[in-house]
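Student: Before we start, I would like to go through the terms used for this model one at a time, and to see each of them argued from its cut-off.

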Amino acid sequence: MNPYILATLLFGLGLGTTITFASSHWLLAWMGLEINTLAILPLMARHHHPRAVEATTKYFLTQATAAATILFASTTNAWLTGQWDILQMAHPIPTNMVLLSLALKIGLAPMHSWLPEVLQGLDLTTGLILSTWQKLAPFALLLQIQPNTSILIFLGLTSTLVGGWGGLNQTQLRKILAYSSIAHLGWMLLILQFAPSLTLLALLMYIIMTSSLFLIFKLNQATNINTLATSWAKSPMLASIAPLLLLSLGGLPPLSGFMPKWLILQELTKQDLPLAATFAALTALLSLYFYLRLSYTMALTLSPNSPTGTTPWRLPHLQTTMPMTIFTALSLFMLPLTPATIVLLTF
(Lines give C-alpha, C1' and ligand atoms only; values in the text may rest on other atoms or scores of the structure.)
Protein backbone atom coordinates (compact mmCIF):
# COMPACT_ATOMS: atom_id res chain seq x y z
CA MET A 1 0.00 0.00 0.00
CA ASN A 2 1.16 3.52 -0.82
CA PRO A 3 2.69 5.04 2.35
CA TYR A 4 0.73 8.28 1.90
CA ILE A 5 -2.55 6.35 1.72
CA LEU A 6 -1.51 4.26 4.73
CA ALA A 7 -0.66 7.40 6.70
CA THR A 8 -4.04 8.92 5.78
CA LEU A 9 -5.91 5.81 6.90
CA LEU A 10 -4.01 5.60 10.18
CA PHE A 11 -4.69 9.30 10.74
CA GLY A 12 -8.39 8.60 10.13
CA LEU A 13 -8.29 5.81 12.71
CA GLY A 14 -6.76 8.10 15.29
CA LEU A 15 -9.05 11.01 14.40
CA GLY A 16 -12.25 8.96 14.67
CA THR A 17 -11.31 7.58 18.07
CA THR A 18 -10.23 11.01 19.33
CA ILE A 19 -13.50 12.63 18.18
CA THR A 20 -15.49 9.97 20.06
CA PHE A 21 -13.31 10.45 23.15
CA ALA A 22 -13.80 14.22 23.15
CA SER A 23 -17.49 14.33 22.26
CA SER A 24 -20.38 14.97 24.62
CA HIS A 25 -23.01 15.08 21.83
CA TRP A 26 -24.37 11.85 20.36
CA LEU A 27 -24.12 13.01 16.73
CA LEU A 28 -20.44 13.90 17.16
CA ALA A 29 -19.72 10.55 18.85
CA TRP A 30 -21.54 8.74 16.03
CA MET A 31 -19.50 10.64 13.46
CA GLY A 32 -16.26 9.60 15.21
CA LEU A 33 -17.33 5.94 15.15
CA GLU A 34 -18.14 6.17 11.42
CA ILE A 35 -14.77 7.79 10.59
CA ASN A 36 -13.09 5.00 12.55
CA THR A 37 -14.97 2.30 10.66
CA LEU A 38 -14.39 3.79 7.22
CA ALA A 39 -10.67 4.22 7.92
CA ILE A 40 -10.07 0.56 8.79
CA LEU A 41 -12.02 -0.95 5.87
CA PRO A 42 -9.26 -0.34 3.22
CA LEU A 43 -6.67 -1.73 5.66
CA MET A 44 -8.72 -4.91 6.00
CA ALA A 45 -9.19 -5.42 2.24
CA ARG A 46 -5.73 -4.32 1.08
CA HIS A 47 -4.54 -7.84 0.19
CA HIS A 48 -7.37 -8.28 -2.37
CA HIS A 49 -7.86 -11.87 -1.25
CA PRO A 50 -11.45 -13.20 -1.41
CA ARG A 51 -11.29 -14.15 2.28
CA ALA A 52 -10.15 -10.65 3.25
CA VAL A 53 -12.86 -9.04 1.12
CA GLU A 54 -15.47 -11.32 2.72
CA ALA A 55 -14.25 -10.38 6.22
CA THR A 56 -14.31 -6.69 5.29
CA THR A 57 -17.89 -6.96 4.01
CA LYS A 58 -19.03 -8.76 7.17
CA TYR A 59 -17.33 -6.14 9.33
CA PHE A 60 -18.86 -3.27 7.37
CA LEU A 61 -22.39 -4.67 7.58
CA THR A 62 -22.06 -5.33 11.32
CA GLN A 63 -20.63 -1.91 12.11
CA ALA A 64 -23.20 -0.17 9.91
CA THR A 65 -26.01 -1.96 11.76
CA ALA A 66 -24.55 -0.98 15.14
CA ALA A 67 -24.00 2.64 14.05
CA ALA A 68 -27.56 2.92 12.68
CA THR A 69 -28.92 1.56 15.98
CA ILE A 70 -26.84 4.08 17.95
CA LEU A 71 -28.16 6.91 15.78
CA PHE A 72 -31.74 5.69 16.18
CA ALA A 73 -31.35 5.30 19.96
CA SER A 74 -29.82 8.76 20.39
CA THR A 75 -32.61 10.29 18.28
CA THR A 76 -35.19 8.44 20.40
CA ASN A 77 -33.53 9.74 23.56
CA ALA A 78 -33.61 13.30 22.21
CA TRP A 79 -37.29 12.88 21.33
CA LEU A 80 -38.19 11.52 24.77
CA THR A 81 -36.02 13.73 26.99
CA GLY A 82 -35.03 16.69 24.80
CA GLN A 83 -31.30 15.97 25.38
CA TRP A 84 -28.53 15.05 22.95
CA ASP A 85 -25.91 14.88 25.71
CA ILE A 86 -24.26 11.48 26.18
CA LEU A 87 -24.34 11.84 29.96
CA GLN A 88 -28.10 12.54 29.89
CA MET A 89 -29.29 9.09 28.82
CA ALA A 90 -32.10 9.03 31.35
CA HIS A 91 -34.71 6.89 29.60
CA PRO A 92 -34.16 3.09 29.88
CA ILE A 93 -35.26 2.20 26.32
CA PRO A 94 -32.65 4.23 24.37
CA THR A 95 -30.04 3.46 27.02
CA ASN A 96 -30.48 -0.29 26.56
CA MET A 97 -30.54 0.12 22.77
CA VAL A 98 -27.23 1.97 22.85
CA LEU A 99 -25.75 -0.64 25.19
CA LEU A 100 -26.72 -3.50 22.86
CA SER A 101 -25.48 -1.69 19.76
CA LEU A 102 -22.11 -0.96 21.44
CA ALA A 103 -21.98 -4.63 22.47
CA LEU A 104 -22.50 -5.55 18.81
CA LYS A 105 -19.78 -3.10 17.81
CA ILE A 106 -17.09 -4.62 20.06
CA GLY A 107 -18.26 -8.24 19.73
CA LEU A 108 -19.82 -9.09 23.09
CA ALA A 109 -21.84 -12.29 23.40
CA PRO A 110 -24.52 -13.03 22.30
CA MET A 111 -23.76 -10.53 19.45
CA HIS A 112 -20.30 -12.03 18.96
CA SER A 113 -20.64 -14.35 15.96
CA TRP A 114 -19.10 -11.90 13.47
CA LEU A 115 -15.82 -11.41 15.37
CA PRO A 116 -14.10 -14.82 14.92
CA GLU A 117 -15.04 -14.97 11.22
CA VAL A 118 -13.84 -11.44 10.52
CA LEU A 119 -10.59 -11.85 12.44
CA GLN A 120 -9.86 -15.13 10.66
CA GLY A 121 -9.96 -13.38 7.28
CA LEU A 122 -7.43 -10.68 8.19
CA ASP A 123 -3.67 -10.62 8.41
CA LEU A 124 -2.15 -10.41 11.88
CA THR A 125 -1.31 -6.69 11.76
CA THR A 126 -4.85 -5.60 10.85
CA GLY A 127 -6.20 -8.15 13.31
CA LEU A 128 -4.12 -6.50 16.02
CA ILE A 129 -5.68 -3.11 15.23
CA LEU A 130 -9.16 -4.65 15.21
CA SER A 131 -8.60 -6.40 18.55
CA THR A 132 -7.10 -3.43 20.40
CA TRP A 133 -7.56 0.06 18.96
CA GLN A 134 -11.10 -0.50 17.69
CA LYS A 135 -12.26 -1.31 21.23
CA LEU A 136 -11.34 2.10 22.65
CA ALA A 137 -14.06 4.34 21.18
CA PRO A 138 -17.04 2.08 22.10
CA PHE A 139 -15.66 1.67 25.62
CA ALA A 140 -15.40 5.46 25.96
CA LEU A 141 -19.15 5.62 25.27
CA LEU A 142 -19.93 2.69 27.58
CA LEU A 143 -18.14 4.44 30.42
CA GLN A 144 -20.23 7.61 29.94
CA ILE A 145 -23.73 6.13 29.80
CA GLN A 146 -25.39 4.55 32.85
CA PRO A 147 -26.86 1.26 31.63
CA ASN A 148 -28.88 -1.26 33.60
CA THR A 149 -26.71 -3.28 36.00
CA SER A 150 -28.51 -6.58 35.40
CA ILE A 151 -28.05 -6.32 31.62
CA LEU A 152 -24.34 -5.58 32.08
CA ILE A 153 -23.87 -8.58 34.35
CA PHE A 154 -25.80 -10.81 31.93
CA LEU A 155 -23.70 -9.67 28.95
CA GLY A 156 -20.48 -10.00 30.94
CA LEU A 157 -21.18 -13.53 32.21
CA THR A 158 -22.42 -14.66 28.78
CA SER A 159 -19.27 -13.30 27.14
CA THR A 160 -16.93 -15.02 29.61
CA LEU A 161 -18.76 -18.32 29.06
CA VAL A 162 -18.92 -18.05 25.25
CA GLY A 163 -15.33 -16.81 25.03
CA GLY A 164 -14.06 -19.78 27.02
CA TRP A 165 -16.35 -22.41 25.51
CA GLY A 166 -15.98 -21.26 21.90
CA GLY A 167 -12.19 -21.37 21.92
CA LEU A 168 -11.94 -24.99 23.07
CA ASN A 169 -12.23 -26.69 19.67
CA GLN A 170 -10.48 -24.06 17.53
CA THR A 171 -7.25 -24.73 15.65
CA GLN A 172 -6.81 -21.30 14.00
CA LEU A 173 -4.87 -18.84 16.16
CA ARG A 174 -6.85 -15.80 15.02
CA LYS A 175 -10.15 -17.43 16.00
CA ILE A 176 -8.68 -18.39 19.38
CA LEU A 177 -7.60 -14.77 19.89
CA ALA A 178 -11.10 -13.63 18.90
CA TYR A 179 -12.72 -15.84 21.55
CA SER A 180 -10.08 -14.65 24.01
CA SER A 181 -11.15 -11.09 23.20
CA ILE A 182 -14.81 -11.97 23.85
CA ALA A 183 -13.95 -13.50 27.23
CA HIS A 184 -11.83 -10.52 28.33
CA LEU A 185 -14.49 -8.05 27.25
CA GLY A 186 -16.92 -9.94 29.45
CA TRP A 187 -14.67 -9.40 32.48
CA MET A 188 -14.49 -5.68 31.69
CA LEU A 189 -18.25 -5.37 31.38
CA LEU A 190 -18.89 -7.20 34.65
CA ILE A 191 -17.21 -4.48 36.68
CA LEU A 192 -18.10 -1.47 34.51
CA GLN A 193 -20.97 -0.26 36.69
CA PHE A 194 -19.20 -0.65 40.03
CA ALA A 195 -15.56 0.34 39.34
CA PRO A 196 -14.90 1.95 35.93
CA SER A 197 -11.23 2.32 36.83
CA LEU A 198 -10.91 -1.47 37.01
CA THR A 199 -12.51 -1.69 33.56
CA LEU A 200 -9.83 0.64 32.21
CA LEU A 201 -7.12 -1.40 33.96
CA ALA A 202 -8.45 -4.65 32.47
CA LEU A 203 -8.68 -3.05 29.01
CA LEU A 204 -5.12 -1.73 29.27
CA MET A 205 -3.74 -5.10 30.35
CA TYR A 206 -5.70 -6.89 27.61
CA ILE A 207 -4.31 -4.52 24.96
CA ILE A 208 -0.73 -5.02 26.21
CA MET A 209 -0.95 -8.83 26.32
CA THR A 210 -2.81 -9.19 23.02
CA SER A 211 -0.39 -6.85 21.23
CA SER A 212 2.55 -8.92 22.46
CA LEU A 213 0.92 -12.19 21.35
CA PHE A 214 -0.01 -10.87 17.90
CA LEU A 215 3.53 -9.59 17.36
CA ILE A 216 5.04 -12.93 18.40
CA PHE A 217 2.75 -14.84 16.02
CA LYS A 218 3.62 -12.36 13.27
CA LEU A 219 7.34 -12.85 13.86
CA ASN A 220 6.93 -16.64 13.73
CA GLN A 221 4.50 -16.42 10.78
CA ALA A 222 2.11 -18.68 12.70
CA THR A 223 -1.58 -18.85 11.82
CA ASN A 224 -2.67 -22.21 13.27
CA ILE A 225 -1.71 -24.53 16.10
CA ASN A 226 0.34 -26.88 13.91
CA THR A 227 2.70 -24.10 12.82
CA LEU A 228 3.39 -23.29 16.48
CA ALA A 229 5.26 -26.59 16.72
CA THR A 230 8.00 -25.13 14.48
CA SER A 231 8.53 -22.14 16.79
CA TRP A 232 11.31 -23.82 18.74
CA ALA A 233 13.34 -24.39 15.60
CA LYS A 234 12.78 -20.82 14.38
CA SER A 235 13.28 -18.88 17.62
CA PRO A 236 14.00 -20.77 20.85
CA MET A 237 13.82 -17.67 23.05
CA LEU A 238 10.37 -16.69 21.78
CA ALA A 239 9.18 -20.29 22.10
CA SER A 240 10.13 -20.25 25.78
CA ILE A 241 8.61 -16.81 26.53
CA ALA A 242 5.34 -17.20 24.58
CA PRO A 243 3.87 -19.92 26.89
CA LEU A 244 4.34 -17.58 29.85
CA LEU A 245 2.58 -14.88 27.88
CA LEU A 246 -0.32 -17.22 27.10
CA LEU A 247 -0.64 -18.15 30.77
CA SER A 248 -0.62 -14.44 31.64
CA LEU A 249 -3.48 -13.93 29.19
CA GLY A 250 -5.29 -16.75 30.99
CA GLY A 251 -4.89 -14.95 34.31
CA LEU A 252 -2.47 -17.29 36.06
CA PRO A 253 -0.45 -15.86 39.00
CA PRO A 254 2.21 -14.54 39.42
CA LEU A 255 1.94 -13.05 35.91
CA SER A 256 0.46 -9.65 35.00
CA GLY A 257 -2.83 -11.03 33.64
CA PHE A 258 -3.78 -12.18 37.14
CA MET A 259 -3.93 -8.59 38.42
CA PRO A 260 -7.16 -7.33 36.74
CA LYS A 261 -9.04 -10.60 37.34
CA TRP A 262 -8.02 -10.64 40.99
CA LEU A 263 -9.19 -7.05 41.52
CA ILE A 264 -12.44 -7.64 39.59
CA LEU A 265 -13.32 -10.73 41.64
CA GLN A 266 -12.53 -8.81 44.82
CA GLU A 267 -14.80 -5.92 43.79
CA LEU A 268 -17.64 -8.25 42.75
CA THR A 269 -17.47 -9.88 46.18
CA LYS A 270 -17.62 -6.45 47.85
CA GLN A 271 -20.75 -5.66 45.82
CA ASP A 272 -22.51 -8.77 47.20
CA LEU A 273 -22.29 -10.65 43.91
CA PRO A 274 -20.55 -13.88 44.95
CA LEU A 275 -22.41 -16.01 42.39
CA ALA A 276 -21.30 -13.77 39.50
CA ALA A 277 -17.71 -13.82 40.81
CA THR A 278 -17.75 -17.63 41.14
CA PHE A 279 -19.22 -18.11 37.65
CA ALA A 280 -16.65 -15.74 36.10
CA ALA A 281 -13.79 -17.53 37.87
CA LEU A 282 -15.03 -20.92 36.65
CA THR A 283 -15.39 -19.73 33.05
CA ALA A 284 -11.82 -18.42 33.24
CA LEU A 285 -10.74 -22.06 33.59
CA LEU A 286 -12.16 -22.76 30.12
CA SER A 287 -10.02 -20.01 28.63
CA LEU A 288 -7.02 -21.23 30.61
CA TYR A 289 -7.43 -24.69 29.05
CA PHE A 290 -6.96 -23.57 25.45
CA TYR A 291 -4.11 -21.25 26.48
CA LEU A 292 -2.47 -24.30 28.05
CA ARG A 293 -3.03 -26.23 24.81
CA LEU A 294 -1.20 -23.53 22.85
CA SER A 295 1.58 -23.47 25.48
CA TYR A 296 1.97 -27.24 25.21
CA THR A 297 2.21 -27.04 21.43
CA MET A 298 4.86 -24.32 21.53
CA ALA A 299 7.03 -25.62 24.38
CA LEU A 300 6.64 -29.42 24.40
CA THR A 301 5.95 -30.36 20.77
CA LEU A 302 8.29 -30.63 17.80
CA SER A 303 6.98 -30.80 14.24
CA PRO A 304 7.77 -34.04 12.34
CA ASN A 305 11.02 -33.35 10.50
CA SER A 306 14.14 -35.09 9.37
CA PRO A 307 17.05 -34.70 11.82
CA THR A 308 18.58 -32.00 9.65
CA GLY A 309 15.26 -30.16 9.38
CA THR A 310 14.97 -29.54 13.12
CA THR A 311 17.88 -27.08 13.10
CA PRO A 312 17.29 -24.67 10.22
CA TRP A 313 19.43 -21.67 9.46
CA ARG A 314 18.35 -18.90 11.81
CA LEU A 315 18.59 -15.77 9.74
CA PRO A 316 18.28 -12.43 11.56
CA HIS A 317 14.72 -11.08 11.60
CA LEU A 318 14.09 -7.95 9.61
CA GLN A 319 11.03 -7.00 11.65
CA THR A 320 11.19 -4.47 14.46
CA THR A 321 11.12 -6.33 17.77
CA MET A 322 11.25 -3.40 20.22
CA PRO A 323 7.43 -3.03 20.61
CA MET A 324 7.13 -6.80 21.08
CA THR A 325 9.85 -6.72 23.76
CA ILE A 326 8.17 -3.89 25.69
CA PHE A 327 4.70 -5.43 25.56
CA THR A 328 6.04 -8.86 26.56
CA ALA A 329 7.91 -7.46 29.57
CA LEU A 330 4.80 -5.59 30.72
CA SER A 331 2.65 -8.70 30.21
CA LEU A 332 4.86 -10.79 32.47
CA PHE A 333 6.16 -8.57 35.26
CA MET A 334 3.53 -6.00 36.24
CA LEU A 335 1.90 -7.94 39.08
CA PRO A 336 4.30 -6.61 41.78
CA LEU A 337 3.25 -3.07 40.75
CA THR A 338 -0.39 -3.74 41.70
CA PRO A 339 -0.42 -1.39 44.76
CA ALA A 340 1.07 1.45 42.71
CA THR A 341 -1.44 0.77 39.93
CA ILE A 342 -4.37 0.93 42.36
CA VAL A 343 -3.11 4.24 43.75
CA LEU A 344 -2.81 5.68 40.24
CA LEU A 345 -6.34 4.53 39.35
CA THR A 346 -7.86 6.19 42.41
CA PHE A 347 -6.66 9.65 41.37
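**Reasoning from cut-offs**

Tutor: Let us begin with Thr 81, which, once residues up to four places away in sequence are set aside, touches Gln 88 and His 91. Please keep in mind that this is a predicted model.

Student: Where does Thr 81 lie, and why is Thr 81 called partly exposed?

Tutor: Thr 81 lies in helix α3. Its relative accessibility is 33%, and since buried means under 20% and exposed over 50%, Thr 81 therefore counts as partly exposed.

Student: What makes the approach of Thr 81 to the backbone of Asn 77 a polar contact?

Tutor: A polar atom of the Thr 81 side chain lies 2.6 Å from the backbone oxygen of Asn 77, and the cut-off for a pair of N or O atoms is 3.5 Å, with one atom able to donate a hydrogen and the other to accept it. The side chain of Thr 81 also reaches the backbone nitrogen of Gln 83, at 3.4 Å. As for the other end of the sequence separation, Thr 81 and Asn 2 are 79 residues apart in sequence and 48 Å apart in space, C-alpha to C-alpha.

Student: Why is Leu 6 called partly exposed, and which residues is Leu 6 in contact with?

Tutor: The relative accessibility of Leu 6 is 28%, and because the range for partly exposed runs between 20% and 50%, Leu 6 counts as partly exposed. Leu 6 has its place in helix α1 (residues 3-22), and, leaving aside neighbours within four places in sequence, Leu 6 is in contact with Met 1 and Leu 43. The C-alpha atoms of Leu 6 and Leu 43 are separated by 8.0 Å, although the two residues are 37 residues apart along the chain.

Student: Turning to charge, how do you know that Arg 51 and Glu 54 form a salt bridge?

Tutor: Their side chains meet at 3.8 Å, N to O, and a salt bridge asks for a side-chain nitrogen of Lys or Arg within 4 Å of a carboxyl oxygen of Asp or Glu, so the pair qualifies. Both residues lie in helix α3 (residues 50-81), three residues apart, about one turn of the helix. Glu 54 also forms a salt bridge with Lys 58, with the closest N and O atoms 3.0 Å apart, and that pair, again in helix α3, is four residues apart.

Student: What makes the pair of Glu 117 and Arg 51 a link between distant parts of the chain?

Tutor: The side chains of Glu 117 and Arg 51 meet in a salt bridge at 3.4 Å, N to O. Glu 117 is in helix α5 and Arg 51 in helix α3, 66 residues apart. With a relative accessible area of 29%, Glu 117 is partly exposed, and Arg 51, at 23% relative accessibility, counts as partly exposed.

Student: Which residues are linked in a network of salt bridges?

Tutor: The network holds Arg 51, Glu 54, Lys 58, Glu 117 and Lys 175. Lys 175 enters through its salt bridge with Glu 117, where the closest N and O atoms are 3.3 Å apart, a value within the 4 Å limit. The whole structure has five salt bridges, and the count between domain 1 and domain 2 is one.

Student: What are the bounds of the two domains, and how much area do they bury between them?

Tutor: The domain assignment of the protein chain gives domain 1 (1-144) and domain 2 (150-347). Between them they bury about 2600 Å², 80% of it on carbon and sulfur atoms. Of the area that domain 1 buries against domain 2, Gln 120, Leu 124 and Phe 139 supply 25%, more than any other three residues.

Student: Why is the largest nonpolar core said to lie between the domains?

Tutor: That core has 94 residues, and among those with the most contacts inside it are Trp 26, Tyr 59 and Phe 217. Helix α10 (residues 196-220) gives the most to this core, with 13 residues. Domain 1 and domain 2 both give residues to the core, so the core lies between them. Phe 217, leaving aside neighbours within four places in sequence, is in contact with Leu 124, Leu 173, Leu 177, Ala 222 and Leu 228.

Terms used
Residues numbered from 1 in each chain as written. Predicted model: local features only at pLDDT ≥ 70, side-chain atom pairs only at ≥ 80, totals over all residues. Heavy atoms only, no water. Core = buried A, V, L, I, M, F, W, Y, C linked by side-chain atoms within 4.5 Å. Buried < 20%, exposed > 50% of the residue type's maximum accessible area, 1.4 Å probe, protein only. Helix = DSSP H or I, 4+ residues; strand = E, 2+ residues; numbered from the N terminus. Domains from an automatic or database assignment. Contact = heavy atoms within 4.5 Å. Buried area = accessible area lost by both parts, 1.4 Å probe.
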